[in-house]
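Reader: I'd love a close look at a single part of this model. Could you walk me through it?

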Amino acid sequence: MAVFVKGVIFDGVDTTQPDCWRLAAYEARGGYQALRSILQAQMPQEDVIAEVKNSGLRGRGGAGFPTGLKWSFMPRSFPGDKYVVCNTDEGEPGTFKDRDILRYNPHALIEGMIIAGYAMGTRVGYNYIHGEIFAEYELFEAALDEARAAGYLGENILGTGFSFDLFAHHGYGAYICGEETALLESLEGKKGQPRFKPPFPASFGLYGKPTTINNTESFASVPFIIRDGAQKFLEAGKPNNGGTKLFSVSGHVNRPGNYEIPLGTPFSALLEMAGGMKDGSRLKAVIPGGSSAPVLPGEVMMDLTMDYDSISKAGSMLGSGAVIVMNDQVCMVKALERLAYFYHEESCGQCTPCREGTGWLYRVIHRIENGQGRPEDLDLLNSVGNNMAGRTICALADAAVFPVRSFTKHFRDEFEYHIEHRKCLVEHKWC
Amino acid sequence: MLTAESLALIDREVAKYPADQARSAVMSALRIALEERRQTGTVPEERCLTTEVIEFVANYLGIPPVAAYEVATFYNMYDMKPVGKYKITVCTNLPCALRGGVDTANYISRKLGIGLGETTPDGKFTLLEGECMGACGDAPVLLLNNHSMCSFMTPEAIDKKLAELE
């Protein structure tokens, strides 16, 4: 289910129409006008990047890094091969927005990537697509064929002398490939194990060439920014948090789905859009930005607005915009056990603190959940976490530790009850 | 070892990458090889990747066999073990679990009479637990034979889906 309230990506997209993804429908919505205007005016690359910078667009994949600034790191005058890469390897539990972009508006992404290619002087781009969404991969390839046939992709685009081509690469089941350097390794046909940074991809990326990697939603926002102007995009959100954002709402709400709303919208309003709490149950906790973001108690969330600064001030992060809502039927020990299992399963095994640490976290939480917990276990979890976070090549270890720290901080009584009484404080539904 | 159709699909993938980077196509090439085996295999042992198939793919791309083997074993959607005609992977990660993902897995398990990770004696079904498929809004979800996402898998929807599979 997809509901789009007000936004830059899904404005005018009627998702009930099976052909809404097609080129003709996209052009009827004003699609490819931004690309045409840039190419016809021979707009200087610096001006395109400045426009993206001025829009306040921050990376929609999770880190929130300013997109325009990232683009400016690319050596534009570098004479050799350079690449622009899109990260549609969407596997952060709770996140399902990029899939809807591919399903309902793939040409916005294609146009955004062509504009990015123009701005950074690259001739080739790749879109790395999550393994589990094969239908969307095939649909995206069909959209690429449409764009190629219409002269938006390939040699001498629209007769302007600018050439750019774009290809889809299909993943096959590895959460770690959402990390940008693991994604590059995978794109090169290797195991998806992250690289040391520096060097950063802007100087040593795909095949060792300068590369810029952005999230699907970031690229798909670019046509709007160019067509309607940075100011309009900025004004759609709030200062330092430009634009609208797709929020994937899952868990105990009546209408799970994607909601594209202005950054700065109160969480309470988002919850209402999602139909409120399932069957009128009571809100207990929310993970506001994908499973790696620290959990927050429901009453804290109800006072927050959905933007980078507000969520960060409350001690969590907006991340990918995946809002996992939990009611008072959820046992927080059980919920954390499932997340810990996920990180253990998905650790790529390259760094010892992560490979071993995620196993320790899972096993200790598992024994607490199963009535075998020991009084010292909460300290042990803390100690294991301290030996993981910040001590590995990529952030997966940190992502595994954040939930453990936040769950045991905000819901400590449930963990202590489990250890002491060897059973749940909450009568939860799934176990 | 692979049909002309499969090789043509692999060639199409190779063409996406620079001429000296055929290795980039190994993920797709293994997927295409696996898909051919899934469709043509008559018993579970014939539906998964084998070292011979992996070596063939590696040689076809001109890369060392071990380079293809490490890809086949790193990414979890490649079937390296015998698999049923219908592989059912149920997401039980937290967002799905909050909406009945574990119940879905248990329901299918009872209905087929096999546990997670097992294949029915007739070689028809394999049931697996999966990680986030990026479709949490449609929970509970399951993936059929790697490529077909099935949404809102309530017991009624499961009954209907299983009845369709012959």
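Reader: Please take B:E131: where is it found, and what does it touch?

Author: Happy to! This is a predicted model, in which local features need pLDDT of at least 70, side-chain atom pairs count only at pLDDT 80 or more, and totals for chains, interfaces and linings use all residues. Residues are numbered from 1 along each chain as its sequence is written, chains are lettered from A and ligands numbered from 1 in the order written, and side-chain values use heavy atoms, with hydrogens and water left out.

B:E131 sits in the loop of chain B that runs between strand 3 (125-130) and strand 4 (142-144); strands here are DSSP runs of E, at least two residues, numbered from the N terminus. With a relative accessible area of 10%, B:E131 is buried (under 20%, computed with a 1.4 Å probe and protein chains only).

Now for the neighbours. Leaving aside residues up to four places away in sequence, B:E131 touches A:R338, A:Y341, A:F342, A:E345 and A:E346 in chain A, along with B:C91 and B:N93 in chain B; contact means heavy atoms within 4.5 Å.

Two of these neighbours, A:R338 and B:N93, also meet the side chain of B:E131 through polar contacts, meaning a pair of N or O atoms within 3.5 Å, where, within protein, one must be able to donate a hydrogen and the other to accept it, and residues adjacent in sequence count only if both atoms are side-chain atoms. The side chain of B:N93 is 2.8 Å away in its contact, and that of A:R338 is at 3.2 Å. So the buried B:E131 has side-chain polar contacts with A:R338 of chain A and with B:N93 of chain B.

Definitions and conventions:
Helices (H or I, at least four residues) and strands (E, at least two) are DSSP runs, numbered from the N terminus. Buried means under 20% relative accessible area, exposed over 50%, partly exposed in between (1.4 Å probe, protein chains only).
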